[in-house]
Every structure is written in C-alpha cells, then in structure tokens.
Amino acid sequence: MAALATAANAADCTGALLRELGWQIGTTAAAVPQVHGGAVCARADLAAAHAAGDLRVQVPEQWDVLKRQSFLRTLIDDPATVCAYAFKLGQATRRATTRLQDNSGYRFSALQLGWIGFGLGGSRAQGWDGFRSFGRGYQPAGRNSVALDAFYQGRVRSECGVGRQVAQLATQRELYGDAAFDAEFSPGEVSIGTFLTLHDTDSILLGHHAGEFLADGKAVRTAQRGRQAFVGAPGFIEHVFDKTYLDDINNQAENFVIVDVSDAAARALGEHGGFAHYDRINRRIWALSRKLPGHSARRFERLLFERDPVLRQALPAAQRPVLAELDALLDDPFYQGFLIYVHPRGIRPVGYHVVRLLDRNPRTPFAFELGLHNLHTTLYRRWIDARLRQCATGSASHSQPEQR
C-alpha cells in the first residue's frame, strides 16, 4: 500500500507539473495513449499553442497508478514539453533583462576583458566574494538572489561578457523565484568572471556542473525547431577579419542573450537555415557601407537605424541607390524581429548592433554565433527535478517567481 501511495503521489506531482507547463491531460477508452505534442516551439505563447491543438494527451482509463506514472514521466522528455518550458524561460528572460537594462548603475568597463568593478565599497559590500585576482572571478558571499541584486539595483561595472553571464543567471533566478534559486544552486554554481575562469568552477553556465551542452553555433538545428528554441540562449557577434582591422578594441565583439524572436524572424531563419545566410548579408551590408563615405558621431546608427531624415536628405544623389539597398537588407524580419540583450545597450533588435558596429569598427564585417548552452538539457532537468521535489514535500509554492 505504501508503494502505491508513493506512486500515486509521484503521478499526481508529474501530472500537476505537466499541466503547469500546458499539457491538457484526459483519458481514453483506447488501449494506448493518444499524444499530440504539436509544433509548440513555433507558437507565440501557450495560448497560441492551445489554440492550435498542441499539448494534448489522453491516457488509457484502465491503466493503474504505476503504469500511468511511468507514462507521464516519459512526457517530461517530449520535445513539446521542452518547448512549453521555453515559454516560462522566455518570460523569465524578459523579466531579467528588463531589470538589468533599467539599472542605470550597471555600466560598462573597458579596463580589461572580464574585469568586474564593484566600486569603492568592494565586492563584499554588494554580496560577492572574489576568488580570482584582478576581478576575474566572483561567487555569491551569501544568498544568490542578494548577490544578483547588485546588478539589478547596485552600482557595478563589467564588460558585455559578464553582462551575458549575469543575464543568464538572472533568468534562472526569475524562473525559480528567489527562495528556490537560493536553495537549489550553490555559490560556486553562480560564479561570474572571465569565460576562461568559469571553466574551472562549478558554474552552471560553463563549469563542472554545466552538464550537457548544445553546440549549434550557426543555429541550424535551433532554426529548425522554431522561435521559442532561441529564447534565453547566449551568443555573440564577432569580427570576421583579424584584429589588425579593429579600430575599437572594446567593441570587437558583442555578447548577447536572446530575449524574443518574432514569428517572421523565426520563419526567415528557418527558411535560410540559420545564421550563415545572415553572415553573408552582414558582409554585403558592410561592403555597401564602404560606398557611403563621411564622418560624424554615430553616423551609420543615425542613417540606417534611426533613419534620420536630415542626414538621409543630405546624401548625394549618386549614393541614394546604395542607401535604398541597405534599407531593403536591414528591413529583413531577422534584423527587425530578433531581439537581444547586450550590456550596456539593453534590449534591441539585432539590426541595431550590425549598424552600430559599422560606426565602431568600419574595416571589418561581423558574424553571428550561438554560444554553448544547456538550457534545454541540464538546466531543464534541474528545474523539472526541483519542481517535482518541491511538490512531493509540499513546498511547490517556493518555486514560483516572486512578483516585483
């Protein structure tokens, strides 16, 4: 009887979690389960997935508790469930990156790649302990959520690589809620610093506890899955020519976290098979920009992104066809609807960054790359296991994101 009670509790918790993620679970007189996951990653949100008939399952009504539990556990690994989790991950990403961009005290430091500056009070005053010299590695000194508050509302400096790490960690905080985030992750797992430093730590992003990575640099597989597969993933925009062609070393690359992808942008990426197509378009944009000589602050940003009418009107007639072609290229849904967070620029479409880099480093084109990540593997399983464990112990409410 005890075994049956345990199985029933486990089935209840698994079913509750699947329903929380959006599965609509019913019963059937058939001898086998009827499952329709659907193209969840292609949907805008859970309501759209339900409207399309996704995330529906019927379990044979004659099955006992043990058989029902065994089957429901298999749905945890269903691609549709991972995509349903991506809706929650996307919401958490948007909350985290919005709070980071809204903190005017979180600024960029060009002192040295990977350095983090916590001001005159030092790192300890803002909740962090240093474990590498020259500001290259820190971990929370107390509660993880309190340490991340330094980036939400404190005065901190870092380059964009650390900004990417903070956005990734803050996303997990928003996904779990403060109490569960503090309980589920050790200080070492929330380490920040240079990327090389993280490899020698317990970091959940790139260290010993990161587990299984997805390596999809040109986003070929991610583009096939759909828009929600991108959200929350890290990446970078990197110069194509070598460093001798750089004029602004502090803008040699831009590390980002993907915040949102419009339906049109996702379709464009799917049709073109990922980023490689847009690397070629970037090169064409760069080549065309070389045909528009001139000097002024943020010239291309004003001309091509803001589309300043005064600046555009001042172009010689011979350059108007070049401008028209640039406009057409940058009007592609990918450049307009692929939104990324880059510290300290905030949340903007990727086209903004392509144009901005024409001003900063005009002698080289740039290319896109997804970074290694474990959002849909290790971090997904950890969140699932935490939710099931909290349900079993009656503390599920602790895992809900706290309203701020």
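Visitor: What is the handedness of the disulfide of Cys 13 and Cys 391?
Guide: Happy to start there, and do keep in mind that this is a predicted model. A disulfide joins Cys 13 to Cys 391, with an S to S distance of 2.1 Å. The torsion about their S-S bond is about -85°, so the disulfide is left-handed.

Visitor: How many residues apart are Cys 13 and Cys 391?
Guide: Cys 13 belongs to helix H1 (residues 2–21), while Cys 391 belongs to helix H17 (residues 378–392). The pair therefore links distant parts of the chain, and the torsion about its S-S bond is about -85°. Along the chain, Cys 13 and Cys 391 are 378 residues apart.

Visitor: Is Cys 391 buried, exposed or partly exposed?
Guide: Let's look at both ends of the bond. Cys 13 has a relative accessible area of 5% and is buried. For Cys 391 the relative accessible area is 26%, which makes this residue partly exposed.

Visitor: What is the pairing when the bonded cysteines are numbered in sequence order?
Guide: The count comes to two disulfides. Besides the bond between Cys 13 and Cys 391, Cys 41 and Cys 83 form one, their sulfur atoms 2.0 Å apart. Numbered in sequence order, the bonded cysteines pair as 1-4, 2-3.

Visitor: Which strands stand at the edges of the sheet with the order S4-S8-S5?
Guide: Three strands form this open sheet, and the pairing is mixed. Each edge strand has a single partner strand, so one side of each is left without a neighbour in the sheet. The edge strands are S4 (106–108) and S5 (116–117).

Visitor: In S8, which residue is the bridge partner of Phe 108?
Guide: S4 pairs with strand S8 (residues 156–158) in the parallel sense, over three bridges. Helix H6 (residues 160–176) lies across S4, S5 and S8, running at about 145° to S4. In S8, the bridge partner of Phe 108 is Ser 158.

Visitor: Is the pair of Phe 230 and Phe 275 stacked, edge-to-face or tilted?
Guide: A search of the whole structure finds 23 aromatic pairs, and this is a nice one to look at. The ring centres of Phe 230 and Phe 275 are 6.4 Å apart and the planes stand at 40°, so the pair is tilted.

Visitor: How many residues apart in sequence are the parts that Phe 230 and Phe 275 tie together?
Guide: Phe 230 is buried, with a relative accessible area of 1%, and Phe 275 is buried as well, with 1%. Phe 230 lies in the loop between helix H9 (220–225) and strand S10 (234–239), and Phe 275 in the loop between helix H10 (263–272) and helix H11 (276–289). The pair therefore ties together parts that are 45 residues apart in sequence.

Note on methods
Residues numbered from 1 in each chain as written. Predicted model: local features only at pLDDT ≥ 70, side-chain atom pairs only at ≥ 80, totals over all residues. Heavy atoms only, no water. Pairing = 2+ DSSP bridges. Helix = DSSP H or I, 4+ residues; strand = E, 2+ residues; numbered from the N terminus. Contact = heavy atoms within 4.5 Å. Axes fitted to C-alpha atoms, helices over the stretch in contact; angles between N-to-C directions. Phe/Tyr/Trp six-rings, centres within 6.5 Å; stacked < 30°, edge-to-face > 60°. Buried < 20%, exposed > 50% of the residue type's maximum accessible area, 1.4 Å probe, protein only. Disulfide = S-S within 2.5 Å.
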